[in-house]
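User: I should like a close look at a single part of this model, set out in one connected account.

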Amino acid sequence: MLEVRRLRLLRDLARLGTIAAVAEAHTYTPSAVSQQLAALQRAAGVTLLQRVGRRVTLTPTGQALVRHAEVVLAALEAADATLAAARGGLSGAVRIGAFPSAVRTLLPATLVTLARDHPALDLMVTELDPVAVPAALRERRLDVALVHDYDIVPSEPDPALDTVPLLEEPVFLAVPAYNAVAGEPLDAARDANWILGSPGTLCHTVALHACQVAGFTPRVRHHADDFDAALALVAAGQGVALVPELAAGQPPPAVRLLPLGLRRRTGVAYRKGAGEHPAVAACVAALTATAATLRQRPRPGRPR
């Protein structure tokens with residue numbers, strides 16, 4: 001019988017690419033990971049791994065086994081959800097991941113609702129960039145997480161995760177109020193200084209892509225991962241920045257927000273099979289209700 005723990009290591013090798021990365025993700029030594037994968041190969045009775053230069057890669061059979069592993073892991077999540085529902089009552093730790101603007105807008109009301117309706121839940125929030133969410137969920141460091149992508153840079157479906165859509169919002173180009181902008185905002189900003197998120201973040205990737213689609217590479221002057229900080233820099237005349245509506249809040253008086261026709265899409269993600277877990281379902285329901293309220297409220301981030 002194939003061990004689930006070893007299947008998870010094989011799955012993560014397919015995702016992460018190196019034994020060293022798998023070892024770091026699981027806080028094992030590389031030699032321990034290699035030994036476990038070798039034991040899995042012996043139990044399978046077929047070749048799952050092969051060396052290509054100095055790296056270990058999966059054979060076609062190994063890749064096929066990874067697809068089965070995803071099904072097995074999802075089934076175990078579903079079994080755990082069934083047992084949790086049978087035990088009755090909602091209690092214990094729920095680890096929630098969220099990007100910064102969601103922490104400010106979506107989470108506060110959601111946490112109030114969950115604390116009121118399910119006081120035995122121990123809610124713990126971690127702020128992180130959406131690019132870090134899949135690994136955190138897979139490695140069980142989070143139970144649910146808010147994620148987002150953009151219509152111009154859609155995320156690839158993750159076979160280990162399910163995502164429930166929550167809301168869509170427009171994206172603006174934030175410019176100093178004294179800037180005279182005629183025509184398409186991005187085209188007019190091709191010679192401006194830009195304020196981008198840190199390299200490797202989704203916001204950085206989206207800003208670069210939007211500029212490249214418009215036919216130029218932005219001249220990056222500052223990096224800021226907090227949208228309030230980015231807006232403050234725009235107000236100080238330090239450049240322009242892309243800002244989603246929820247993150248704009250009440251922009252400084254010295255900032256204008258110009259619509260771009262781009263949209264950011266926010267959802268709540270969890271491990272495949274975990275959707276019927278009472279705690280996960282409660283989080284999704286509370287987040288869905290909060291998102292519905294946000295969609296109905298007046299939008300302070302409208303351009304002025």
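Which residues does UniProt list for "domain: HTH lysR-type", and what lines the largest pocket?

Analyst: This is a predicted model, in which local features need pLDDT of at least 70 and side-chain atom pairs count only at pLDDT 80 or more, while totals for chains, interfaces and linings use all residues. Residues are numbered from 1 along each chain as its sequence is written, and side-chain values use heavy atoms, leaving out hydrogens and water.

The unreviewed UniProt entry lists residues 2–59 for "domain: HTH lysR-type" (positions follow the numbering used here, feature names are shortened, and annotations may be inferred rather than shown by experiment). This span is 62% helix and 14% strand (DSSP runs numbered from the N terminus: H or I of at least four residues, E of at least two), and its end C-alpha atoms lie 17 Å apart.

The largest pocket (on a 1 Å grid over the protein atoms alone, an open set of points with protein on both sides within 12 Å along at least five of seven lines; lining residues have an atom within 4 Å of a point) is lined by 25 residues. Nearest its centre lie Val147, His148, Asp149, Ser155 and Thr163. At least two lining residues come from each of α7 (133–138), β5 (144–150), β6 (161–176) and β10 (255–271). Strand β6 gives the largest share, eight residues. By class, the lining holds 14 nonpolar, five polar and six charged residues (nonpolar: Ala, Val, Leu, Ile, Met, Phe, Trp, Tyr, Cys, Pro; charged: Asp, Glu, Lys, Arg; polar: the others, Gly among them).

Definitions and conventions. 1 Å grid on protein atoms, 1.4 Å probe; cavity = no way out; pocket = protein on both sides within 12 Å on 5 of 7 lines; lining within 4 Å.
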